[in-house]
Each structure stands twice: as C-alpha cells, then as structure tokens.
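Where does empty space remain inside a protein chain, and which residues surround that space? The report below takes up these questions for the structure shown here.

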Amino acid sequence: MADDKKSQQIEWSSRFAFILAATGSAVGLGNIWKFPYVTGENGGGAFVLVYLLCVLLIGVPLMMAEIMLGRRSKENPIHTMEILTEEAGADLNWHYLGWMGVAAGFLILSYYSVIAGWSTAYVVKAFFGSFSGANASEVKAIFDNFVASPMQLIFWHSVFMLATMVIVARGLEKGFEQSVRLLMPGLFALMFLLVGYAMTTDGYFKGLDFLFKPDFTKLTANSVLVAMGQAFFSLSLGMGAIMVYGAYLPKNVSIAKSAVIIAGADTVVALLAGLAIFPIVFSNGLHPNSGPGLVFETLPIAFGNMFGGWLFGVLFFIALVFAALTSSISLVEPAVAWLIENKGLTRTKACVYSGLVAWLLGFGTVFSFNAWKNVKLFERTFFELVDYLTANLMLPVGGFCIAVFAGWIMHQEHSKEELDLPGEHLSYAVWKFLVKFIAPAAVFLVFLNVVGVL
Ligand code: TRP
C-alpha cells in the first residue's frame, strides 16, 4: 500500500553515483568555511588530532550504520526508525530520533543558507575584481562592510535558499550526478592550487605547525566537544541525511568501502582548506581565531595577489556555492521525503513549506552579524546558539542513538546481512565493537566532560 507514496523508488545508477552524492553532502561549507575557523578558535594541532580521531573511530562506523539503516528500510528517516524498531521488536519511542534529525536539518539549513549566501555574493565580488591587489586590511574591510548590511545578507540568503528548493523540488536524480561529477575534481584542483600559493608565502611553515603540531595545553573540554561536533557536521552524520541517501543504494554495493571513501575525501578537503588558509593568516599578521569570517578574510588575499587570481577566485567561489548546494539539499531531503510519504504532500508543496520555515529561521543568523550582534543568550549570538545546539548537541545525540540502535537493538543477523563485510568475521566484529561501545561511550564521555562531571 505504501508503495505508491514512496518518493524513493529510484536507485543510484551505480556505486559511484552513490559515493558522489554522499560526498556531495559531506563536502561543503563544513570543510572550507567551518573546519578552518573552528580549528583557529580552538588552538590548532591538538584540536585537529581529536577531530581526526573522531572521524576514524566514530564517524566511519556511524556512517556505515546510517547507510545500513537507510538501505534496510528504503524509507525516510522517521519512517525508517518506525519500520526498523518494529522489525527488531523494540520500543516505538525510537522514531523520535527521526524527528530530532528533521529538526536539526532545518536549524542547520537556516544558517547554512546564510553563509552559502556569503559565498554567492563573493562570486560576484570576485567577478568585479573587488580583491585585485587588495591587502589583508582591505579584504577584511570588504567582509566587515558586507556582513554589516542585513539587506545584502537577506538577499543572498534568499537566492541560495530558492536555488536549494528548486533543486530539491525537481527530485534528487535530475542533473545532480553530473554536477557533482564535475564539481568534486574541480574543487580538489582549486584547493591544490591554493595550497600551492600558500607554500610560496612566508607563513607556510607556521601554518603547518599550527595545524599539525599538537599543543595539548590548548585543548579544553569544550574544544573536544567542538571537534567531535565538527566530525559529525562535516560527515553529515547524526540527522538522517546519509540514511536517506542509503535508502537509494542498490543491494550489491559495499557499505564499508563507500563509507571509507566518503570520509576520506571529506577529510582531505578539510585539511587542504586548512593548509591553504593558515599560511595566509600567518604571513599577513592575521589571527587564527577571527571566527566565521576567516575564509572570507584570507583566501581573497590569495586571489588578489596570485597569477590568474581573478579567474581562480571566480571559479573557487562558484565551486564553493555548488559544494554548499549539494550539501544543503541533503539537509532538507529527510523532511521533504517525510512530508511526501507520510503527509501526502506533493514534492513541490513539501519544498515550499520546508523552504519557508528554514528561510525565516535564517533571519536570526543574518542579524547575528549586525543588528543583533550584541544580543546574547548564554554568551552566544543567535547564530552561535543554533550552531552549538545542532553541531555540538543534536548531531552527537542523534549519532549516539543511531549507534545504540545499530549496535544493541537491531538483530545481529540483519546488520550482518546488510553490511556483508568480507574476510571471516573480523571486520564485522571491529565495526560492531566501534558502534556498540566506542562511539556511544565517546559521545557520552565528551558530554560528561563538558558539564564538568569528569
Ligand atoms: N556536511 C556538510 C558540510 O560539511 C553539511 C551537511 C549537509 C550536514 N548535510 C548534513 C551536516 C547533515 C549535518 C547533518 O558542509
């Protein structure tokens, strides 16, 4: 009966198509905008090390779990949790997990779209040569003036949100594969080029040291939480985004291999962004902890002063906007799929409603950089609050529950059958150990540590 209501009857055309889509979701502003600035705010090397450990020990096994749950039910996350709890004979309260995921998706999208709007505006600025020959303070002034204007931010936020919703309304399959296929290599090439430029600056080794030389005295309980939250955020985990993509995955594809490739690509892009940005920070006497403006205050200096910088600048910001688009669609797709399948809305209507909610919420973030700059709750602006709530609390809690569900509730035969790991039972045992014990315990301990119990 439910069949005619399914929005997800299609399957990815190949394993490669799935990997492209999931990598498209993972690689985005989280890698290029957020990773560098949170690394800068949290002291560098030690933070990066904790981040990498989180990706490896929590991120990869959890990504496998999400793909697995999605593929098993072939449904949206809320319904997935309902079907799978029934299959496991477990408490139905588990489906609230799906709800929290949808809520987290909206909250993240609301600010994601604002920052993606900045990136869109920067395509235009780069095109009109705003950065040509500019020094650090001129580039900073361009950024400061820009974010001081709510009207401009609202305009670009609206443009980006509209673009996201138009793509989601047309359905994921159309044109999506091709655009990610082009985007990923392009983005990689541009990142390498920027790292190449960074190598020519006299801050290069200082930047390397900052990123890779751990100074554990700089690591607070809160920065460990931020590192863990960043791993969830960057890999798109903990809210069902990867679950939705898993629902389209053909049976014969290896979940483990896919997860390793996706997480690997995501991590490489983040590290390249760090390698490009911190040398520019140090060679221009800037501060690593300058916050969410960091990328926008550093990379334009490179474009303004390198050979071919005009062209590369325009291309880079276009690539960034595309990377943000392929991520933002995965933030609303769970909600849209649910509205279609369970509430009987048409795809277009589902998109209009979801888009409106996220767009309105985004105003809070817009004003956090100007009119409400000094309006703070728990010492945080609206943007900082929403970011903290989602990345550092909701995603890890969601991830914790997904790990517990996959490790403790779901029947062993089912997870074994879905994952179909090669080589006796060892690799399955490793995965099981990680989702059953390590991932939930890590999240729990980090939380305890932050509230000061440990
Ligand atoms: N991972 C994306 C980025 O790094 C953002 C993102 C897309 C996301 N979908 C998500 C984050 C789901 C958390 C959950 O830019």
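What follows describes the enclosed cavities of this structure, which is a predicted model.

## Cavities in the model

Rolling a probe the size of a water molecule over the atoms shows where empty space is left. In this model the search gives three cavities of 30 Å³ or more, and the two described below are the largest, with about 150 Å³ of space, and the second largest, with about 60 Å³.

## The largest cavity

The largest cavity, which holds about 150 Å³ of space, is lined by 18 residues, and those closest to its centre are Ser 25, Ile 108, Phe 233, Ser 236 and Leu 331. Several helices contribute to this lining, since at least two residues each are supplied by helix H1 (15-26), helix H2 (29-41), helix H5 (96-127), helix H10 (221-234) and helix H14 (309-343).

By class, the lining of the largest cavity consists of 10 nonpolar and eight polar residues, with no charged residue among them.

## The second largest cavity

Around the second largest cavity, the lining is formed by Pro 77, Met 81, Leu 97, Gly 98, Gly 101, Gly 238, Met 239, Gly 240, Met 243 and Ile 402. Two or more of these residues come from helix H4 (77-88) and likewise from H5, and H5 gives the most, with three residues.

The lining of the second largest cavity divides into six nonpolar and four polar residues, and here no charged residue is found. Helix H5 therefore appears in both descriptions, as a supplier of at least two residues to the lining of the largest cavity and of three to that of the second largest.

Note on methods: Residues numbered from 1 in each chain as written. Predicted model: local features only at pLDDT ≥ 70, side-chain atom pairs only at ≥ 80, totals over all residues. Heavy atoms only, no water. 1 Å grid on protein atoms, 1.4 Å probe; cavity = no way out; pocket = protein on both sides within 12 Å on 5 of 7 lines; lining within 4 Å. Points joined across faces, edges and corners; volume = space filled by probe spheres on them. Helix = DSSP H or I, 4+ residues; strand = E, 2+ residues; numbered from the N terminus. Nonpolar A, V, L, I, M, F, W, Y, C, P; charged D, E, K, R; others polar.
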